[in-house]
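User: I am new to this structure and would like a close look at a single part, the nonpolar core. Could you walk me through what builds it and what lies around it?

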Amino acid sequence: MRVLICAVLSAAMFYLSQGVDAVWGLAWIAPLPLVWLAYDEASQAPRWPLFLAGLFAFAAGQFYAIPVYGAAMWITVSVMILGGGAA
């Protein structure tokens, strides 16, 4: 449960740190809940849930790019994938 709470908190801070009315300071402190969880002495759990939480937090924070870049982002990513596969 702590992993989920830390992931959602980090994702929200990553998301709010982007954009025109961004609170850029949140980008500096967004990873702190996950870092706290990683170095928690009481947690002897495996590290893969923490890895997935960090991946989720960063990916959820990047959702802001979809309304900003729209179709251009999908075209660019498609060209990069197809171009890399053709090389």
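Analyst: Here is a walk through the core, followed by its surroundings and the surface.

A word on the ground rules: this is a predicted model, in which local features need pLDDT of at least 70 and side-chain atom pairs count only at pLDDT 80 or more, while totals for chains, interfaces and linings use all residues. Residues are numbered from 1 along each chain as its sequence is written, and side-chain values use heavy atoms, with hydrogens and water left out.

Let's begin with the overall layout. The protein has 6 helices and 0 strands, and its elements run α-α-α-α-α-α from the N terminus on. Helices here are DSSP runs of H or I with at least four residues, strands are runs of E with at least two, and both are numbered from the N terminus. Of the 87 residues, 23% count as buried; buried means under 20% relative accessible area, exposed means over 50%, and partly exposed is in between (1.4 Å probe, protein chains only).

Now to the core itself. The largest nonpolar core consists of 9 residues: Cys6, Ala7, Ala11, Leu34, Leu37, Leu50, Ala53, Ala57 and Ala60. Such a core is a set of buried Ala, Val, Leu, Ile, Met, Phe, Trp, Tyr and Cys residues joined through side-chain atoms within 4.5 Å. At least two of its residues come from each of helix 1 (2-16), helix 3 (32-38) and helix 4 (48-61). Helix 4 is the biggest contributor, with 4 residues.

Two residues help to show the contacts here, where contact means heavy atoms within 4.5 Å. Leaving aside residues up to four places away in sequence, Leu50 touches Leu34, Leu37 and Ala38. Ser10, in helix 1, is buried because its relative accessible area is 0%. With that same sequence limit of up to four places, Ser10 touches Ala30, Pro31, Pro33, Leu34 and Ala57. Across the whole protein, 56% of the contacts with a separation of 6 or more are between residues 24 or more positions apart.

Helix 1 and helix 4 also share something else. The structure holds 1 aromatic pair, and Phe14 and Phe58 form it edge-to-face, at 6.0 Å centre to centre and 85 degrees between the planes. Because Phe14 lies in helix 1 and Phe58 in helix 4, the pair ties together parts that are 44 residues apart in sequence. For this term, rings of Phe, Tyr and Trp (its six-membered ring) pair if their centres lie within 6.5 Å; planes under 30 degrees apart are stacked, over 60 edge-to-face, and the rest tilted. Phe14 is buried at 15% relative accessible area, whereas Phe58, at 47%, counts as partly exposed.

Finally, the outside. About 6400 Å² of the protein is exposed, and carbon and sulfur atoms supply 78% of it; areas come from the Shrake-Rupley method with a 1.4 Å probe, and for residues only the protein chains shown count as cover. Trp24, Trp28, Ile29, Leu32, Val35 and Tyr39 form a nonpolar surface patch with about 790 Å² of accessible area together. Helix 2 (26-29) and helix 3 each give two or more residues to this patch. Among its members, Leu32 sits in helix 3 and is partly exposed, at 48% relative accessibility. Patch residues have over 30% relative accessible area and no salt bridge, with like charges joined within 9 Å and nonpolar side chains (Val, Leu, Ile, Met, Phe, Trp, Tyr) within 5 Å. A salt bridge is a side-chain nitrogen of Lys or Arg within 4 Å of a carboxyl oxygen of Asp or Glu.
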